[in-house]
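Reader: Hello! I am new to this structure and would love a close look at one part of it, with some of the surroundings explained along the way. Could you take me through it step by step?

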Protein chains: 2
Amino acid sequence: MSETKILLTEREMPTHWYNIQADMPQLPRPPLHPATGKPVGPDDLKAIFPTSLIEQEMTRERWVEIPEEVREIYRLWRPSPLHRAHRLEKALDTPARIFYKYEGVSPAGSHKLNTAVPQAYFNKKEGIKRLTTETGAGQWGVALSQACNFFGLECTVYMVKVSYHQKPYRRSMMEIFGAKVYASPSEQTAAGRRILSAEPDSPGSLGIAISEAVEDAAGREDTNYALGSVLNHVLLHQTVIGLEAREQMARAGYYPDVVIACCGGGSNFGGLAFPFAHDKLVRGSKVRLVAVEPSACPTLTRGKFAYDYGDVAGLTPLLPMYTLGAEFMPPGIHAGGLRYHGDSPLVSQLVHDGVVEARAFNQTDVFQSAIMFARSEGIVPAPESAHAIACAIKEALAAREAGEARTILFNLSGHGFLDLPSYDAYLAGKLEDYPLPEEELARSLSRLPRVDLG
Amino acid sequence: MSETKILLTEREMPTHWYNIQADMPQLPRPPLHPATGKPVGPDDLKAIFPTSLIEQEMTRERWVEIPEEVREIYRLWRPSPLHRAHRLEKALDTPARIFYKYEGVSPAGSHKLNTAVPQAYFNKKEGIKRLTTETGAGQWGVALSQACNFFGLECTVYMVKVSYHQKPYRRSMMEIFGAKVYASPSEQTAAGRRILSAEPDSPGSLGIAISEAVEDAAGREDTNYALGSVLNHVLLHQTVIGLEAREQMARAGYYPDVVIACCGGGSNFGGLAFPFAHDKLVRGSKVRLVAVEPSACPTLTRGKFAYDYGDVAGLTPLLPMYTLGAEFMPPGIHAGGLRYHGDSPLVSQLVHDGVVEARAFNQTDVFQSAIMFARSEGIVPAPESAHAIACAIKEALAAREAGEARTILFNLSGHGFLDLPSYDAYLAGKLEDYPLPEEELARSLSRLPRVDLG
């Protein structure tokens, strides 16, 4: 039997991130200023982002060098292993070859640390002393806390209040790394105080937490803001995943027929898929690229390709993306990291142009797949990552049906050690599939800002 | 800078476990039957253990082959990485070279899976359908649940009731892998029912849970019992850790001056240290071997070298070991895996004969070291493993004091993702050092069974 894990040495770790903007048939249209409706320029972003990240957001250079200081931290867990899922293949009785890249080996437990580290590094280099961010379920907050700790930056996290109380383990992780964590809405910001005075028991939302983190950063010279997905530079940093995976697949002696990752804001999907998209766009590869999302928050499969705000309050720039409307409130699925109304403009453009496919899966199918994977491969996956597993299993069964030894690669973006109550709910039969709230979706889509996408 | 992680390929994984009984200057005296006081023979153990494990318990062959079926499962995470703690060295400003073997990469999150897998395998091979065990904090229960799942065995875990309610995440893990978990004392066994009728609110104890698991296994033909530490065959299986580490140290170009691991029942310590003990006993190496325990449960540093029971009720064989007395109730420290009154007979004999040293550390020092490690190396350690970290830091500071570039190796036996509430307590200043209950210890030691060890 061939190897179970394909490993790279630290010397084989990528030296550059891959920027798909160099190869896209059509670039996304520019973000627009929420007040003026004019394209956002570098200067508009300087209040909350460092120059180097703004440059990375806009550059069309194909390769962006990874600084040695970032590579030094990456080496704590990178290159991450590529696994051949021999036991899952057997359980499915499929001729398909299933591979997964495992990002749960990062000390934060997910791929989020791949971008948290360079974001902290570039801010530190430009004299910033403190970063603010928002977090929902907490994966991103944990990663940024660790990254700030590595570079001696202060870190303030606005954590959606309902998660702050429901997910105390992730809050503990942030505090171990020295972060200050506030339940949002908080008394720390004008935005938070305004909401608390109107609704003292507000459970909070990602939109509110973003407003608080941005307000905090904009108001202090020494403080910047950091975002864990959606933006171009975030996806850029995550391509280290796909660059390693492409090399590891070559070592294994296979090239994937299909590359699969879950997709919330898009950084996990873009991270794995973009280097393969390069092969498809530039080298004529026929690889299929599949972004997987929850049926309860089907941005790419049911949303509209339009300009929309990143937050509920309409404070962020307008981004050209697939969206369910900034006012859409997704049902309370357990994959908190996939409950976002919008999506990365890069991923959205590639879906629009037919380079990337999108699929949606129900919550109970996702958990059923997660249990099957855990019992075969040992690893309990994060609910977000389990969406990719569900799709990979479906592809493997299709290969069996067709009698073809197809090669499937997916990203296992994180482990589920801090998501075990969700598994309890599933095993107790208490986990439901949410029908898509069609009326709310129609209403939300009808209220999109009226900006022509062209 | 040299590499951060030293990796082995799957082909370089050990093919045999190392049995220190082949090399010990003096073998432990035999276990004694609790009723007759006579040495326990293979037949006495057949009611609850398979023949192959009984043979491994008693053999003096130096090498025991690892079956291919076990190696196939090991390959899901083994060989585990050896890390050079560059960032911790810098934080300590020490000339010492600090290495750690990281067993938290196992899907169970700790080294326990190294023995759970072969125990499940050998039972399966002899026709057993079901295993029972006890678990305290839950690391062992999780590992055995996974291992039984891999080989299609049923698994029943008696989990100490107070932990069952306080550590629901570990119970969830066991249930994901299909185990049946009972809060102990339970209604499932005569032993459990007897205690419940006398004390309906009993919080349970490891001693009670052992009684339940053994009774359950002894009463059914198709069922055996599995133990997660203490016994010779358990330590044998764990030597895969030290065999890999010794090879990895050679790749790094260093041989350790000191090898450190925490020690509860002894399997984690023996697993790392025994291959180096071989070098010391047979090849004249001067390596120091240090077993680290909590000051609140100082079996090796304050216990008596004597025959004692493994459980509170006195149902298990009498083992020759360091013990605080089977009636000793250790204070409620957070390193639940180190709260055991006794110790492995193999480790005990080596301490008695001066081959192994023992050290005890206070709980707050241990957590302070854990935080320092996490902030340097990224990984949040299990509280048990943090005892080894505390000792490694002390050795690194001694090396700085002496101005010597000593080489330190320790075992990071598990991660702390499921122990975060303990960190909360520490960071909130709510975690205390327990003075050793001297009077209780004296009373407990005075009631040891009167069996001469000499």
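Author: Happy to; what follows starts at one lysine of chain A and then moves outward to other places in the two chains.

Please keep in mind that this is a predicted model.

Let us begin with Lys112(A). The unreviewed UniProt entry places the feature "modified residue: N6-(pyridoxal phosphate)lysine" at this residue, and such an annotation may be inferred rather than shown by experiment. If you follow the chain, you will find Lys112(A) in the loop between strand 5 (97-102) and helix 5 (113-125) of chain A. Is Lys112(A) buried or exposed? Its relative accessibility is 16%, and buried means under 20%, so Lys112(A) counts as buried.

What does Lys112(A) touch, not counting residues up to four places away in sequence? Its contacts are Gln139(A), Trp140(A), Ala143(A), Gly228(A), Ser229(A), Gln238(A) and Ser267(A). You may like to pick these out one by one in the viewer.

The same record also gives a wider frame for this lysine. The UniProt annotation "domain: Tryptophan synthase beta chain-like PALP", from an unreviewed entry, covers residues 76-414 of chain A. Over that stretch the chain is 45% helix and 19% strand. The C-alpha atoms at its two ends are 16 Å apart.

Now turn to Val230(A). This valine has a phi near 70°, a positive value in a residue other than glycine. Val230(A) sits in the loop between strand 9 (223-225) and helix 11 (232-252) of chain A. With 8% relative accessibility, Val230(A) counts as buried. Chain B has a valine to look at as well: the phi of Val230(B) is near 70°, again a positive value in a residue other than glycine. Val230(B) lies in the loop between strand 9 (223-225) and helix 11 (232-252) of chain B, and its relative accessible area of 7% makes Val230(B) buried.

The backbone offers another detail in each chain. In chain A, the peptide bond from Arg78(A) to Pro79(A) is cis, with omega near -10°. Pro79(A) belongs to the loop between helix 3 (68-74) and strand 4 (82-84) of chain A. In chain B, the bond from Arg78(B) to Pro79(B) is cis too, with omega near -10°, and Pro79(B) is found in the loop between helix 3 (68-74) and strand 4 (82-84) of chain B.

Staying in chain B, have a look at Glu89(B). This residue lies in helix 4 (residues 86-92) of chain B. Its relative accessibility is 9%, so Glu89(B) counts as buried. What does the side chain of Glu89(B) make a polar contact with? Its partner is the side chain of Arg84(B), at 2.6 Å. Leaving out residues up to four places away in sequence, Glu89(B) touches Arg84(B), Thr94(B), Ala96(B), Arg97(B) and Ile98(B).

Next come the enclosed spaces. How many cavities of 30 Å³ or more are there? The count comes to five. The largest cavity has a volume of about 610 Å³. Of the 35 residues that line the largest cavity, the closest to its centre are Tyr102(A), Val105(A), Pro81(B), Tyr102(B) and Val105(B). By class, its lining has 22 nonpolar, ten polar and three charged residues.

The second largest cavity has a volume of about 70 Å³. Among the residues that line it are Pro294(B), Ser295(B), Phe361(B), His387(B), Asp433(B) and Tyr434(B). That lining divides into five nonpolar residues, four polar and one charged.

To finish, go back to chain A and its residue His16(A). His16(A) lies in strand 2 (residues 16-18) of chain A. With a relative accessible area of 28%, His16(A) is partly exposed. The side chain of His16(A) makes a polar contact with the side chain of Thr15(A), at 2.8 Å. Neighbours within four places in sequence aside, His16(A) is in contact with Trp63(A), Val64(A), Glu65(A), Ile66(A) and Leu243(A). As for distance, His16(A) and Ser205(A) are 189 residues apart along the chain, and their C-alpha atoms are separated by 36 Å.

Note on methods. Residues numbered from 1 in each chain as written. Chains lettered and ligands numbered in written order. Predicted model: local features only at pLDDT ≥ 70, side-chain atom pairs only at ≥ 80, totals over all residues. Heavy atoms only, no water. Helix = DSSP H or I, 4+ residues; strand = E, 2+ residues; numbered from the N terminus. Buried < 20%, exposed > 50% of the residue type's maximum accessible area, 1.4 Å probe, protein only. Polar contact = N/O pair within 3.5 Å; in protein donor to acceptor, adjacent residues only side chain to side chain. Contact = heavy atoms within 4.5 Å. 1 Å grid on protein atoms, 1.4 Å probe; cavity = no way out; pocket = protein on both sides within 12 Å on 5 of 7 lines; lining within 4 Å. Points joined across faces, edges and corners; volume = space filled by probe spheres on them. Nonpolar A, V, L, I, M, F, W, Y, C, P; charged D, E, K, R; others polar.
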